[in-house]
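Welcome! Take a moment with the sequence and the 3D view below, and then we can walk through the structure together.

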Amino acid sequence: MGQHHHTSRRTSSDHNAIQVICLGSGGGPSEDNVTGFLVRSTASKWAKGSLLAVDAGSHLAAITRILERDFPLFDANKEPPSTTLQEGPFAGLSFPYASARANAVHVVREHVATYLITHPHLDHLAGFAINTAAFHNTSRPKRLAALPFTVNAIKSHIFNDVIWPNLTDEDNGVGFVTFQRLTEGGNLALGDGHSRGFIEVCDGLEVKGFRISHGQCASAPRPDHQVRRGSNPNIGMMAPDGGRRASVFSQPSQPGTPTFYGQSGPQPDFMQTCVVDSTAFFIRAAETGMGREREILVFGDVEPDSISLCPRTRTVWAEAAPKIALGILRGLLIECSYNDDQPDAVLFGHLAPRHLIAELQVLAEMVAERKKELGEKAGRKRKRASTHGGDDVMGNGDAGTGAATPKSHHAHSVQLPLDPDLDEKVNPSEPENGPPRIYEGPLKGVRVVVIHVKDTMTDGPPVGESILQELWAHETRLALQGKALGCSFEISFSGASFLF
Ligand SMILES: [Zn+2]
Ligand SMILES: [Zn+2]
């Protein structure tokens, strides 16, 4: 069943691509499908230590489940077949054991070198903690790489000999886990060109992280003038994601809490006590000289800038825009926890489709600007004969969708919320009509993969389906206004593999 006894090597077109395997696509409440991914550079050819786990709410159990498709869960057969799968997310990896569980733990022990964690919430960390029981018998400790606020929280609140044994190599711990504290915004002494600031976290992959905002602590004191843009009547209620966030996180600036700003930055006091931190990571395939530069951008849980006390996604978009304009960055994994039925007052630091679209509009505007600059530069080089240099870099070869021209991208205005009346005029992409249409727009070529969908646990279709439909409906609406984003939208699920 899909097994082959030789390695299936990928074609040269995949040199230096980045593969993402989704292990868990949810944000709860079910504990078996919470956020976790495996990321690798295809150039590393499944070498030991070449897999990067990005968040690990779901980890070993999900790998086991995926491998059950090709291997039995148990196998009494003592002869290891050493099988290389030809299909599926682990195609090309050589498995030494007969059973799914033995092979899954082999993947974790031998291939996963580093755990890159966006923020310390349990739905991004639980698998890692439980899986530490399999971390013995490896030649070196597992590395947990994160911004200091995440490392501090995990060190103080998980591996503290109360919640879990101190398995770290700090404070006389056992030494199964070692921390790599990343510099926010990257270490600018490292790398140059587009790789400036990136630091290697496992074989073949480099990262750069930016702090983003993930809602506010439910009962933290807030200055009145900060209650704006639709005040939150549910400010005192419990957050389903963070649990009783208020009681844990409301102490001001405790080291090790998600709200602690490790390096005392310029943030005013109210931000230190009110805003929950998370991280967006740029992940880059290390240069191999075998192909073009490749990057993806993975967001931890995030709230929209439009309602944040501390709006910071714009900084991430500013970093991403030139890389999208140049075609280096083509994959964006970002949460969309709810569908548009969720009111702004009860987002708990997350996004719904209307917010994701508004955020992407900010990005699209920046990308259009950069493409215009690039076009002008290229135009000048080409003897300044052309007066429409921007068109070439836009990749508008197959225009005719009635979508935006570069000029109208430039005039993008960010609207929130989008006009709901337009729903009547636009027929949103229906699944039975085949894949939705990808419009011309600044984000053409970018795949937006939705992660961290919160299961409604109700009868009826999974909420991910309505999220996807709403995203495409927003995009169709924007296209009719001549402001299409141009990206594609996909929903992640456990076992899915994406190649960027
Ligand atoms: Zn989460
Ligand atoms: Zn969270």
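## A guided tour

At 31% relative accessibility, A126 counts as partly exposed, because that value lies between the 20% limit for buried and the 50% limit for exposed. Please keep in mind that this is a predicted model. A126 is found in helix 3. Setting aside neighbours within four places in sequence, A126 is in contact with A56 and G57. A126 and T35 are 91 residues apart in sequence, yet their C-alpha atoms are 9.6 Å apart in space.

Now let us step back to the whole chain. The protein has 12 helices and 17 strands. Of its 500 residues, 55% are buried. Among contacts between residues at least 6 apart in sequence, 72% join residues at least 24 apart.

### The two zinc ions

Which residues coordinate each zinc ion? The table sets the two sites side by side.

| Metal | Donor residues (atoms) | Distances | Spacing in sequence |
|---|---|---|---|
| Zinc ion (ligand 1) | D123 (OD), H124 (NE2), D301 (OD), H452 (NE2) | 2.0 to 2.2 Å | D-H-x176-D-x150-H |
| Zinc ion (ligand 2) | H119 (NE2), H121 (ND1), H214 (NE2), D301 (OD) | 2.2 to 2.4 Å | H-x1-H-x92-H-x86-D |

D301 appears in both rows: this residue bridges the zinc ion (ligand 2) and the zinc ion (ligand 1), which lie 3.3 Å apart.

Why is the arrangement around the zinc ion (ligand 2) irregular? Its four donor atoms subtend angles of 88 to 170 degrees, and a tetrahedral site would need all angles between 85 and 135 degrees. The four donor atoms around the zinc ion (ligand 1) also subtend angles of 88 to 170 degrees, which makes that arrangement irregular.

The donors also link distant stretches of the chain. H124 lies in the loop between strand 7 and helix 3, and D301 lies in the loop between strand 13 and helix 7, so this pair ties together parts that are 177 residues apart in sequence. Both H124 and D301 are buried.

For the zinc ion (ligand 2), the donor spacing begins with H-x1-H and ends with x86-D. H119 sits in the loop between strand 7 (112-116) and helix 3 (126-131), while D301 sits in the loop between strand 13 (295-299) and helix 7 (313-325), so these two donors tie together parts that are 182 residues apart in sequence. Are these two donors buried or exposed? H119 counts as buried, at 0% relative accessibility. D301 is buried too, with a relative accessible area of 1%.

### A sheet with helices packed on it

Next, look for the open sheet. Seven strands form it, in the order 9-8-7-4-3-2-17, and the pairing is mixed. Its edges are strand 9 (177-181) and strand 17 (497-499), each of which pairs on one side only. From one strand to the next, the twist averages 25 degrees.

Within this sheet, strand 2 (residues 18-24) and strand 3 (residues 36-41) run antiparallel and are joined by six bridges. C22 stands opposite F37 in strand 3. Helix 1 (residues 60-67) packs on the sheet, where it touches strand 2 and strand 3, and its direction makes about 100 degrees with that of strand 2. Helix 2 (residues 100-111) packs on the sheet as well, touching strand 4 (51-56), strand 7 and strand 8 (142-146); its direction makes about 80 degrees with that of strand 7.

### The nonpolar cores

Which residues touch the most other members of the largest nonpolar core? Of its 40 residues, they are L297, F299, W317, L332, L360, L363 and L443. Several elements each supply at least two residues of this core, among them strand 11 (205-216), strand 12 (275-285), strand 14 (329-335), strand 15 (447-451) and helix 12 (463-480). Helix 8 gives the largest share, eight residues.

L363 is a good place to zoom in. Leaving aside neighbours within four places in sequence, L363 is in contact with W317, A320, A321, I324, L332 and L443. There is also a second, separate core of 37 residues, which includes L38, A62, A146 and V151.

Note on methods: Residues numbered from 1 in each chain as written. Chains lettered and ligands numbered in written order. Predicted model: local features only at pLDDT ≥ 70, side-chain atom pairs only at ≥ 80, totals over all residues. Heavy atoms only, no water. Donors = N, O, S within 2.8 Å, 3.2 Å for Na, K, Ca; no water. Tetrahedral: all angles 85-135°; square planar, octahedral: opposite > 155°, others 65-115°. Helix = DSSP H or I, 4+ residues; strand = E, 2+ residues; numbered from the N terminus. Buried < 20%, exposed > 50% of the residue type's maximum accessible area, 1.4 Å probe, protein only. Pairing = 2+ DSSP bridges. Axes fitted to C-alpha atoms, helices over the stretch in contact; angles between N-to-C directions. Contact = heavy atoms within 4.5 Å. Core = buried A, V, L, I, M, F, W, Y, C linked by side-chain atoms within 4.5 Å.
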